[in-house]
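Hi everyone, thanks for making time for this. I'd like to walk you through one chain and stop at a few spots along the way. Here it is on the screen.

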Amino acid sequence: MKFLFTRTKGSPAAVAERLGVSRRTVERYRSGAIKRPQKRLQAALVEETEAQWQPQVRAQARQRAATSGGLVISCRAYFGFSPEGSSGAGRMRDIMTAVSPARRPDPVRPGDRSDG
């Protein structure tokens, strides 16, 4: 609830609208009069928080990776063209590759480049 209030700049009406409950319910929950939300409110809280929180966390992780050690890209693929039972039979493989952070290219100074 605190996160949603932060995202809506402290507006109980905006939080209530996002969660599909009354403004009074949000105010009672925030003041502590309601300790445990009903299942519908709890599900709405989880859904709305994940919708707002996860993209933010992913963006921060990408930014950290791009400016520090880089990214690791991982995928799973099926490889193999030989008949079943042979050593070259198809199977799932995990493929991972490290990508270093992007570097800015050095600027080209006049006189460094020959035009032929």
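Let's begin with a contact that is easy to look for: Arg30 lies over the face of Phe5, 4.0 Å from the centre of the ring. Please keep in mind that what you see is a predicted model.

While we are on rings, how many aromatic pairs does the count come to? Zero, by the rule used here.

Now let me step back to the whole chain. Four helices and two strands make it up, and reading from the N terminus the order is α-α-α-α-β-β. The chain has 116 residues, and 17% of them are buried. About 9700 Å² of the chain is exposed, with carbon and sulfur atoms supplying 51% of that area. As for contacts, take those between residues at least 6 apart in sequence: 36% of them join residues at least 24 apart.

Next, the inside. In soluble globular proteins, nonpolar side chains tend to be buried together. In this model, the largest nonpolar core has twelve residues, among them Met1, Phe3, Leu4, Phe5, Val15, Leu19, Val26 and Leu45. Which helices each supply at least two residues of this core? They are helix 1, helix 2 and helix 4, the last of these covering 39-67.

So you have already met one core member, Phe5, under Arg30. Another core member is Phe3. Setting aside residues up to four places away in sequence, Phe3 touches Thr49, Gln52, Trp53 and Gln56.

Let's move to helix 3, residues 23-31, where we find Thr25. Is Thr25 buried or exposed? Its relative accessible area is 16%, and the cut-off for buried is under 20%, so Thr25 counts as buried. Its side chain has a polar partner: the side chain of Ser22, in a polar contact at 2.8 Å. Beyond neighbours within four places in sequence, Thr25 is in contact with Ile34 and Leu41, and Leu41 belongs to the core I just described.

My last stop is Lys9, in the loop between helix 1 (2-7) and helix 2 (12-19). With a relative accessibility of 79%, Lys9 is above the 50% cut-off and therefore counts as exposed. Its backbone deserves a look too: Lys9 is not a glycine, yet its phi is positive, at about 60°. For background, most residues other than glycine have a negative phi.

That's my tour, and I'm happy to go back to any of these spots with you.

Methods: Residues are numbered from 1 along each chain as its sequence is written. This is a predicted model: local features need pLDDT of at least 70, side-chain atom pairs count only at pLDDT 80 or more; totals for chains, interfaces and linings use all residues. Side-chain values use heavy atoms; hydrogens and water are left out. Buried means under 20% relative accessible area, exposed over 50%, partly exposed in between (1.4 Å probe, protein chains only). Rings of Phe, Tyr and Trp (its six-membered ring) pair if their centres lie within 6.5 Å; planes under 30 degrees apart count as stacked, over 60 as edge-to-face and the rest as tilted. A charge sits over a ring if NZ of Lys or CZ of Arg is within 6 Å of the ring centre and within 35 degrees of the ring normal. Contact means heavy atoms within 4.5 Å. Accessible areas come from the Shrake-Rupley method with a 1.4 Å probe; for residues, only the protein chains shown count as cover. A nonpolar core is a set of buried Ala, Val, Leu, Ile, Met, Phe, Trp, Tyr and Cys residues joined through side-chain atoms within 4.5 Å. A polar contact is a pair of N or O atoms within 3.5 Å; within protein, one must be able to donate a hydrogen and the other to accept it, and residues adjacent in sequence count only if both atoms are side-chain atoms.
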